[in-house]
Amino acid sequence: MKVSGVDLLIVGAGPAGLAAAIAAKQSGLSRVRVIEREREAGGVPRHSFHTGYGMRDLHRVMNGPRYAARYISHTLDSGAEISTSTTAIDWVGERTIALTSPRGLEEVTADRIILATGARERGRNARVVAGTRPAGIYTTGSLQQSVYLRHQEIGSRAVIIGAEHVSFSAVMTLAHANVETVAMLTSEAHHQSYFPLHWGTALRYRYSLRTKTELLEILGRDRVSGVRVLTPRGEEVIECDTVVFSADWIPDHELARRGGLQMSDVTKSPIVNHLHETSRAGVYAIGNLLLPIKSADQCALEGSSLLSKNW
């Protein structure tokens, strides 16, 4: 087993982790390594082809893949190392993490560790939705990977569960796949995004936003045939062949929990102080590992500012 050491180990190569790596190199740290369990770095933006990325951090507007590629390029140009297909499996010391990759097992000891593992949407099982288990059920993330990375056929009529920022991204992804969004459902009284985003997407894609509407059951045997919902007027069935679960986030906190870090009972995120340091000295948490969810550029700004606060 290989044993190595670095000045800074960053777990997660999304916008927050990559921005932190660039800032670390610029601050003078010589050995900076970012690990990423996916085959490619860049995080969610790499399979989110709609525009709107980079406004606050890069002061330009670009789509997700271009945004991710820019951060990957800048990270490598800075001299930081990116190790993809590399998973942190456990802690073997206060600041030593065991890794596994196609190259074998490794233990890395770092002067400081940044956890930037992000968050994921709860799928159908985690939301305990009644009904059968037919094909045609996605989260926004799995939908984007199926459409943009695997170029798979999705369906023809979709219902989106949730009305947050990412829900409108799902509308655009479905349109790219020639799928009509027939309805967006939320149990809240209003959508939880910016009015211009809802107004613009609703005007262009002509979907119905159903507020105060609860998903009761998914219908269909081999393929989704519809959803049964509860509205203020009573129960109703909406015909569709695709269901996308959006929002309802949970942090990717497995490594933090394995490390025995203090966790919030409310968000399930690591508890951090004003410097983003966790309950373990020298271990920090940033980005969407810390709920509530932030946009990619907000995560990148948080990553790049971390070192100016601490080191």
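**Exercise 1. Which residue ranges does the domain assignment of the protein give to domain 1 and domain 2, and how many residues of each are in contact?**

Solution. The structure is a predicted model, and the work starts with the ranges. The domain assignment gives domain 1 as 1–118 + 248–304, while domain 2 is given as 122–246. The next step is to locate the two parts relative to each other: taken over C-alpha atoms, the centres of domain 1 and domain 2 are separated by 30 Å. The last step is to count the contact, in which nine residues of domain 1 meet 12 residues of domain 2.

**Exercise 2. Describe how strand 6 pairs with strand 1, strand 5 and strand 18.**

Solution. Begin with strand 1 (residues 2–11), which pairs with strand 6 (residues 104–115) in the parallel sense over nine bridges; within this pairing, G5 stands opposite T109 of strand 6. Then turn to strand 5 (residues 96–101), which runs antiparallel to strand 6 and is joined to strand 6 by six bridges, with S101 having G104 as its bridge partner in strand 6. Strand 5 and strand 6 are also linked along the chain, since a hairpin joins them through two residues. Finally, take strand 18 (residues 283–285), which pairs with strand 6 in the parallel sense over three bridges, and here L115 stands opposite A285 of strand 18.

**Exercise 3. Are helix 1 and helix 2 roughly parallel or roughly antiparallel to each other, and which residues make their contact?**

Solution. Two packed helices are described by the angle between their axes and the distance between the axes. For helix 1 (residues 15–26) and helix 2 (residues 64–78), the axes come within 9 Å and cross at roughly 30 degrees. Angles under 35 degrees count as roughly parallel, and helix 1 and helix 2 are therefore roughly parallel to each other. The crossing of helix 1 and helix 2 is left-handed. On the side of helix 1 the contact is made by P15, L18, A19, A21, I22 and K25, and on the side of helix 2 by Y67, Y71, I72, H74, T75 and S78. Sorted by class, the residues of this contact are eight nonpolar, three polar and one charged.

**Exercise 4. In what order do the four strands of the open sheet stand, and which of them are the edge strands?**

Solution. The order of the four strands in this open sheet is 8-13-14-15, and the pairing is mixed. The edge strands are strand 8 (130–131) and strand 15 (234–239), each of which pairs on one side only. Moving inward from strand 15, one finds that strand 14 (residues 224–231) runs antiparallel to strand 15 and that six bridges join them. One position in this pairing is V227, which stands opposite I238 in strand 15, and strand 14 and strand 15 form a hairpin with two residues between them.

**Exercise 5. Where is the place of W249, and which residues does W249 touch?**

Solution. First, W249 has its place in strand 17 (residues 249–251). Next, leaving aside residues up to four places away in sequence, W249 touches A119, R120, E121, R122, E164, V166, L291 and I293. As a last step, consider T267, which is 18 residues from W249 along the chain, with 9.1 Å between the C-alpha atoms of the two.

Note on methods: Residues numbered from 1 in each chain as written. Predicted model: local features only at pLDDT ≥ 70, side-chain atom pairs only at ≥ 80, totals over all residues. Heavy atoms only, no water. Pairing = 2+ DSSP bridges. Axes fitted to C-alpha atoms, helices over the stretch in contact; angles between N-to-C directions. Parallel < 35°, antiparallel > 145°, perpendicular 65-115°, else oblique. Left-handed = near helix turned anticlockwise from the far one by under 90°. Contact = heavy atoms within 4.5 Å. Nonpolar A, V, L, I, M, F, W, Y, C, P; charged D, E, K, R; others polar. Domains from an automatic or database assignment.
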